[in-house]
Amino acid sequence: MSDMVPSLPFPMHPKMQEDQALAFSAKQDEEERRHIQKVQNAFQYYRRYAYLRLNRKEDYLLSLSADDQRLLSKYRTHLDIVRHCIDCNQSVIREILRDRVLYPTGGESDYQNDEAPAHVRHGDMDQAQSTLKLIARDWSAECAIEREQSYKPIIDSIEEYYKPSDYKLNEIKILVPGAGLGRLTYELACRGYACEGNEFSYFMLIASNFVLNLCDYENKHVLYPWVHQYVNNMRRADQVASVRFPDVCPVKNPPKGNIEMAAGDFLEVYKSPDSYNCVATCFFIDCANNVIDFIRTIYKILVPGGIWVNLGPLLYHYSDVSGQNSIEPTYEDLIIIMESVGFDILTSRTGIRTKYAQNPQSMKQSEYQSLFWLCRKPPNNFEQQQQQQQEQRNPQEPPDLIVHQNNVGVNDAEAEIEIETETDDDLKQT
């Protein structure tokens with residue numbers, strides 16, 4: 001933990017420490033080093049990339065007739081403000097990169113370069129811009145309502161199942177796969193649980209490390225998360241609206257429970273059975289090529305009697321990605337799969353209205369009718385009973401949908417998972 005802030009009263013990213021020791025001291029992890037460098041390059045190139053689009057608009061504006069330019073004089077001034085906001089965002093990015101926990105090599109001059117780095121793709125730049133929106137989603141007061149929509153049902157269900165009056169919360173181990181910027185992990189740890197976040201994207205890991213470890217007071221930094229949205233703006237001020245972060249300072253307000261962040265692919269990192277009392281997933285399970293792999297892994301790593309709490313839509317990220325395989329089971333199918341794997345579905349709800357990194361002032365508002373469920377891995381003797389039943393009936397396929405009158409209900413209106421998506425499709429866990 002030598003690279004971490006010495007005064008920090010709780011450990012952060014311990015598995016990242018192990019990973020970086022391999023990545024930067026062993027030649028066999030050169031591929032991971034190159035990947036982290038690519039992420040760093042995308043962050044460094046943010047301003048220049050954003051300028052390219054802005055410059056095209058300004059060039060076109062200057063090509064218009066003098067009369068048109070006169071009518072657009074306030075718009076022209078607005079573009080100057082947009083440029084200033086991009087500069088401010090780049091300043092925040094430089095602060096994010098300054099600590100260099102994940103990439104200790106190189107000097108100050110490395111991140112002053114605005115020229116296009118090698119091997120940076122448009123998709124990388126989209127992720128860099130999306131990371132700024134996710135900082136706002138997880139760590140600004142302006143997005144508190146959006147966080148409450150997604151995180152509160154999960155937190156409330158965990159607190160109801162693992163009541164502080166009945167358990168030593170520091171012994172209740174919770175895993176949050178697809179932890180993103182880490183707010184849900186932090187909130188659960190603040191309630192006393194032992195929490196571990198897992199994240200695959202180094203865009204998210206670099207930014208979460210900055211917020212969780214290096215922001216030393218509340219609302220220290222100013223960010224302009226919507227500055228790249230040139231359409232559906234009612235007022236010029238909406239595009240250049242600022243947010244401050246973090247609204248809560250983890251360094252000054254350390255959680256009561258232990259908190260960790262681990263880097264890596266969920267399916268590769270988590271293979272030890274009976275390891276966690278709870279798995280909490282938020283906008284995560286549809287990030288798999290095969291969602292059954294996620295369900296089986298979650299079941300495996302839960303202790304008998306442990307619970308899985310989930311909230312989110314069924315966007316299925318790889319559904320339309322060229323060169324990627326994908327299956328897209330419906331909610332109806334997922335109920336069958338979860339029960340066939342062995343879960344008891346204790347609670348299930350549909351139609352929970354949730355937004356994801358949405359500009360609150362945009363003329364176009366996108367939201368999901370999300371799913372929520374609370375499942376339990378049965379006690380130890382369940383697997384033996386299931387095996388005996390399997391031998392007796394030897395079914396050719398899973399049983400048909402088991403409907404729980406009080407908990408599970410799917411009607412035609414509620415089965416419509418996604419109303420409309422904007423740029424939030426690209427913001428979810430990568």
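Me: Buried means under 20% relative accessible area, exposed means over 50%, and partly exposed is what lies in between. With that in hand, why is D274 called partly exposed?

Reply: The model is a predicted one, and in it D274 has a relative accessible area of 43%. That value is neither under 20% nor over 50%, so D274 is counted as partly exposed.

Me: What makes K377 buried?

Reply: The relative accessible area of K377 is 4%, and because the cut-off for a buried residue is under 20%, K377 is placed among the buried residues.

Me: How do you know that K377 and D274 form a salt bridge?

Reply: The term asks for a side-chain nitrogen of Lys or Arg within 4 Å of a carboxyl oxygen of Asp or Glu. The closest N and O atoms of K377 and D274 are 3.0 Å apart, so the pair meets that limit. K377 lies in the loop between strand 9 (368-376) and helix 14 (382-393), while D274 lies in the loop between helix 11 (266-269) and strand 6 (276-282), and therefore the salt bridge ties together parts that are 103 residues apart in sequence. Elsewhere, salt bridges that share partners join R147, E159, R183, E187, R191 and D247 into one network, and the structure as a whole holds 22 salt bridges.

Me: Which residues is K300 in contact with, leaving aside its neighbours within four places in sequence?

Reply: With those neighbours set aside, K300 is in contact with K271, P273, D274 and K377, two of which, D274 and K377, are the partners in the salt bridge described above. K300 itself is found in helix 12 (residues 291-301), and its C-alpha atom is separated by 7.6 Å from that of S272, although the two residues are 28 residues apart along the chain.

Me: Why does K300 count as partly exposed?

Reply: Its relative accessibility is 39%, and since this falls between the limits of 20% and 50%, K300 counts as partly exposed.

Me: What makes D67 and R70 a salt bridge, and where do the two residues lie?

Reply: Their side chains meet with an N to O distance of 2.6 Å, and because the limit is 4 Å, the pair qualifies as a salt bridge. Both residues lie in helix 4, three residues apart, which is about one turn of the helix. D67, at 42% relative accessibility, counts as partly exposed, whereas R70, with a relative accessible area of 54%, is over the 50% limit and therefore exposed.

Me: Why is L71 called exposed, and which residues form a nonpolar patch with L71?

Reply: L71 has a relative accessible area of 59%, and as exposed means over 50%, the word applies to L71. Its place is in helix 4 (residues 66-71), and together with L72 and Y75 it forms a nonpolar patch on the surface, with about 270 Å² of accessible area for the three residues together.

Me: How do you know that the length of helix 9 agrees with what a helix should span?

Reply: The expected span is 1.5 Å times one less than the number of residues, so the 13 residues of helix 9 (residues 202-214) should span 18 Å, and since the end C-alpha atoms are 17 Å apart, the two values agree. At the start of this helix, a side-chain oxygen of S201 reaches to within 3.2 Å of the backbone nitrogen of F203.

Me: What makes helix 9 mostly covered?

Reply: Of its 13 residues, 12 are buried, including Y202, F203, M204 and L205. Helix 8 (residues 183-190) is also described as mostly covered, with seven of its eight residues buried, among them R183 and E187, which belong to the salt-bridge network as well. Helix 13 (residues 331-341) is mostly covered too, eight of its 11 residues being buried, and just after it G342 takes a positive phi of about 135°.

Me: How many of the 430 residues in the protein chain, as a percentage, are buried?

Reply: Buried residues make up 51% of the 430 residues, in a protein chain that has 14 helices and nine strands.

Definitions and conventions
Residues numbered from 1 in each chain as written. Predicted model: local features only at pLDDT ≥ 70, side-chain atom pairs only at ≥ 80, totals over all residues. Heavy atoms only, no water. Helix = DSSP H or I, 4+ residues; strand = E, 2+ residues; numbered from the N terminus. Buried < 20%, exposed > 50% of the residue type's maximum accessible area, 1.4 Å probe, protein only. Polar contact = N/O pair within 3.5 Å; in protein donor to acceptor, adjacent residues only side chain to side chain. Patch = residues over 30% accessible without salt bridge, like charges linked within 9 Å, V, L, I, M, F, W, Y side chains within 5 Å. Areas by Shrake-Rupley, 256 points an atom, 1.4 Å probe, with all protein chains shown as cover. Contact = heavy atoms within 4.5 Å.
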